[in-house]
Amino acid sequence: KFNLSGKTALVTGGGSGIGEAISKTLAQQGAKVVIADLSLQAAQRVADEISDAEGSAVAVACNVADEDQVKNTFQEIAKENGLDILVNNAGIAHVGSISKTSSEEFDRILDVNVKGVFHCSKIAVELMKMKGGVIVNLSSIAAHVGLTDRFAYSMSKGAVHAMTMSVAKDFLAHNIRCNSISPGRVHTPFVDGFLAKNYPGNEKEMFDTLSKSQPIGRMGNPDEIGALVLYLCSDEASFITGSDFPIDGGFVTL
Ligand code: NAD
């Protein structure tokens, strides 16, 4: 079950947190994983850890907001291996209501969280058209509930959700499945960075408060997200496309 042997998977933002866990989980099931991250050093560390565990991985530097870089990266990979799986995981956060969001900040979130998914998916569907493939996008509970003080971030993840359905519809006939997942709070450097920036000196207290405020009483861990992504990428999920899956300890519904 969930065997990905012979498949090539590209994970954006695979050098940290959720992307790291996804990369390792897919590699454990036999995929060759291309870890594409803004930080080559971070991507290389994860690739090395996968190789040490007898998996197959390569690291590439790629800014998903830059269409030319994305094209070059994907074309290089496709030459050698083709592309079977794309996980659009790279994303950045922003704190602020609409009143506290500048046009420049809005553009920055749009460039990475929305255009990044656009650039990568656009070239991926071309590469997958002949033999099919799978795309999984990282949305967020912010797309479902519009998180307080996260105007631009919520906007961007809502767009990811809509792009997911649109791509799923347009490429159904090419045997390309496209789904999104909407994690709740997951303990990654993304969360640690947010706490350090916004609650200096009080990080531990805020971490506990945030954890306890989740319906399930804790944050998620990245491996729990990796397991859902693995399922969606596998042939076992062949009947699933155009859907979004909250994975949030009950945040959206309880
Ligand atoms: P993280 O900050 O730990 O890791 C993000 C990775 O993306 C980093 O390695 C970073 O270098 C890379 N990256 C950033 N900008 C990039 C760019 N322009 N091009 C390529 N790579 C880039 O974050 P995380 O918590 O693991 O989050 C991963 C994804 O999950 C994001 O899309 C985030 O919005 C989403 N998400 C996270 C949570 C959470 O609680 N952690 C909740 C819901 C959704």
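**Q&A on a predicted model**

Q: Is Met 206 buried, partly exposed or exposed in this predicted model?
A: Count the other C-beta atoms within 10 Å of Met 206 and you get 16. A residue needs 20 or more to be buried and 12 or fewer to be exposed. With 16, Met 206 falls in between, so the call is partly exposed.

Q: Which residues does Met 206 touch, not counting those up to four places away in sequence?
A: Start with its place in the chain: Met 206 is found in helix H8, residues 203-212. Once residues up to four places away are set aside, the ones touched by Met 206 are Leu 195 and Tyr 199.

Q: What distance separates the C-alpha atoms of Met 206 and Ala 196?
A: Ala 196 has its place in helix H7, while Met 206 belongs to H8. Along the chain the two are ten residues apart. Their C-alpha atoms are separated by 9.8 Å.

Q: Is Ala 196 buried, partly exposed or exposed?
A: Ala 196 has 14 other C-beta atoms within 10 Å. Buried takes 20 or more, and exposed takes 12 or fewer. That count of 14 sits in between, so Ala 196 is partly exposed.

Q: How is the chain split into domains?
A: The assignment puts residues 185-219 in domain 2. Domain 1 comes in two pieces of sequence, written 8-184 + 221-246. Taken over C-alpha atoms, the centres of domain 1 and domain 2 are separated by 23 Å.

Q: Which elements each supply at least two residues of the side of domain 1 that touches domain 2?
A: The contact takes ten residues from domain 1 and nine from domain 2. On the domain 1 side, these residues divide into six nonpolar, four polar and no charged. The elements that each supply at least two of them are H1 and helix H9 (222-233).

Q: Why does the ligand lie between domain 1 and domain 2?
A: Look at who gives residues to the shell around the ligand. Both domains do, so the ligand lies between domain 1 and domain 2.

Q: Which of the 30 residues around the ligand come nearest?
A: By class, the shell has 15 nonpolar, 13 polar and two charged residues. Coming nearest are Gly 13, Ser 16, Gly 17, Gly 91 and Phe 190. As for elements, those giving two or more residues to the shell are helix H1 (17-28), H4 and helix H7 (189-198).

Q: Where is Gly 96, and which residues is it in contact with beyond four places in sequence?
A: Gly 96 lies in the loop between strand E4 (85-88) and H4. Its C-alpha atom is separated by 6.2 Å from that of Phe 151, 55 residues apart along the chain. Leaving aside neighbours within four places, Gly 96 is in contact with Thr 101, Asp 149 and Phe 151.

Q: Which helix gives the largest share of the largest nonpolar core?
A: This core has 66 residues, and among those with the most contacts inside it are Leu 26, Val 33 and Cys 233. The largest share, eight residues, comes from helix H4 (residues 103-128).

Q: Which residues is Leu 26 in contact with, leaving aside neighbours within four places in sequence?
A: Leu 26 is one of the residues with the most contacts inside the core. With sequence neighbours left aside, its contacts are Leu 4, Ala 9, Ala 31, Val 33, Leu 230 and Cys 233.

Technical notes. Residues are numbered from 1 along each chain as its sequence is written. This is a predicted model: local features need pLDDT of at least 70, side-chain atom pairs count only at pLDDT 80 or more; totals for chains, interfaces and linings use all residues. A nonpolar core is a set of buried Ala, Val, Leu, Ile, Met, Phe, Trp, Tyr and Cys residues joined through C-beta atoms within 7 Å. Two residues are in contact if their C-beta atoms, placed from the backbone, lie within 7 Å. A residue is near a molecule or strand if its C-beta atom, placed from the backbone, lies within 6 Å of it. Ala, Val, Leu, Ile, Met, Phe, Trp, Tyr, Cys and Pro count as nonpolar, Asp, Glu, Lys and Arg as charged, and the others, Gly among them, as polar. Domain bounds come from an automatic or database domain assignment.
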